[in-house]
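Subject: Structure handover

Hello,

Here is the structure we talked about handing over. Please open it first, then read my notes below.

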Amino acid sequence: MRDFAQGNFIPVTSELIATEIADAPAFVQDKFAELLSIEHEMLTVTDESLVLAAVYQERKILTPKFHNDGIHIALATVAEVDVMVSWNFKHIVNFNKIRLFNAANLEQGYRQIQIYTPREVTTYEDK
């Protein structure tokens, strides 16, 4: 959040995340509200992103139960987000899955997406 507040990064979120956050604990909702109070970009689920997410499903990169994770990645890919940041190690920040997402992205005419944890992209150092 510090990097966003300082303008080091511009947060990109989506209507899908906003929907998922509605069921999250209050402290998570508060952090999301804080994020939305900063200059940000809000992505809308489009047909293009749904088609790409369907490719991830067809290739069995994700199971149908985790289709929304694929939509998150497809949204970021289609929007050409520089870096996707997630704590989801099982389905998103996973070396093998990232390789598969990027292979599908390239085959569909998109660029590769960089996916990291928040700790990997921070610009400040604790002293």
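D3 is a good place to start. In this predicted model, D3 is buried, because its relative accessible area is 7% and the cut-off for buried is under 20%. D3 belongs to helix α1, which covers residues 2-5. Now look across to K60. The two residues are 57 apart along the chain, and their C-alpha atoms are separated by 35 Å.

Next, the core. The largest nonpolar core has 23 residues. Y56, I73, M84 and I115 have the most contacts inside it. Three helices each supply at least two of the core residues: α4 (47-58), α5 (67-78) and α6 (95-107). Of the elements, α5 gives the most to this core, with five residues.

M84 is worth selecting in your viewer. Which residues is M84 in contact with, leaving aside neighbours within four places in sequence? There is a run of partners at H72, I73 and A76. I92 is another. The rest are I113, Q114, I115 and Y116. Two of these partners, I73 and I115, are also named among the core residues with the most contacts.

Then the helix pair α4 and α6. How do they pack? Their angle is about 125°, and their axes are 10 Å apart. The two helices are therefore oblique to each other. An angle over 145 degrees would count as roughly antiparallel, and 65 to 115 as roughly perpendicular, so about 125° fits neither. The crossing of α4 past α6 is right-handed.

To see the contact itself, show these side chains. From α4, take L52, V55 and Y56. From α6, take F101, A104 and N105. That is where the two helices meet. By type, the contact residues divide into five nonpolar, one polar and no charged. Y56 therefore turns up twice in these notes, in the core list and in this contact.

Last, F89. Is F89 buried, exposed or partly exposed? F89 counts as partly exposed, because its relative accessibility is 47%, and exposed needs over 50%. F89 sits in the loop between β3 (83-85) and α6. Not counting residues up to four places away in sequence, F89 touches N94 and T117. E39 is 50 residues from F89 in sequence. In space the two are 27 Å apart, C-alpha to C-alpha.

Over to you.

Best wishes

Conventions:
Residues are numbered from 1 along each chain as its sequence is written. This is a predicted model: local features need pLDDT of at least 70, side-chain atom pairs count only at pLDDT 80 or more; totals for chains, interfaces and linings use all residues. Side-chain values use heavy atoms; hydrogens and water are left out. A nonpolar core is a set of buried Ala, Val, Leu, Ile, Met, Phe, Trp, Tyr and Cys residues joined through side-chain atoms within 4.5 Å. Buried means under 20% relative accessible area, exposed over 50%, partly exposed in between (1.4 Å probe, protein chains only). Helices (H or I, at least four residues) and strands (E, at least two) are DSSP runs, numbered from the N terminus. Contact means heavy atoms within 4.5 Å. Axes are lines fitted to C-alpha atoms, for helices over the stretch in contact, and angles run from 0 to 180 degrees between N-to-C directions. Angles under 35 degrees count as roughly parallel, over 145 as roughly antiparallel, 65 to 115 as roughly perpendicular and the rest as oblique. A crossing is left-handed if the near helix is turned anticlockwise from the far one by less than a right angle, and right-handed if clockwise. Ala, Val, Leu, Ile, Met, Phe, Trp, Tyr, Cys and Pro count as nonpolar, Asp, Glu, Lys and Arg as charged, and the others, Gly among them, as polar.
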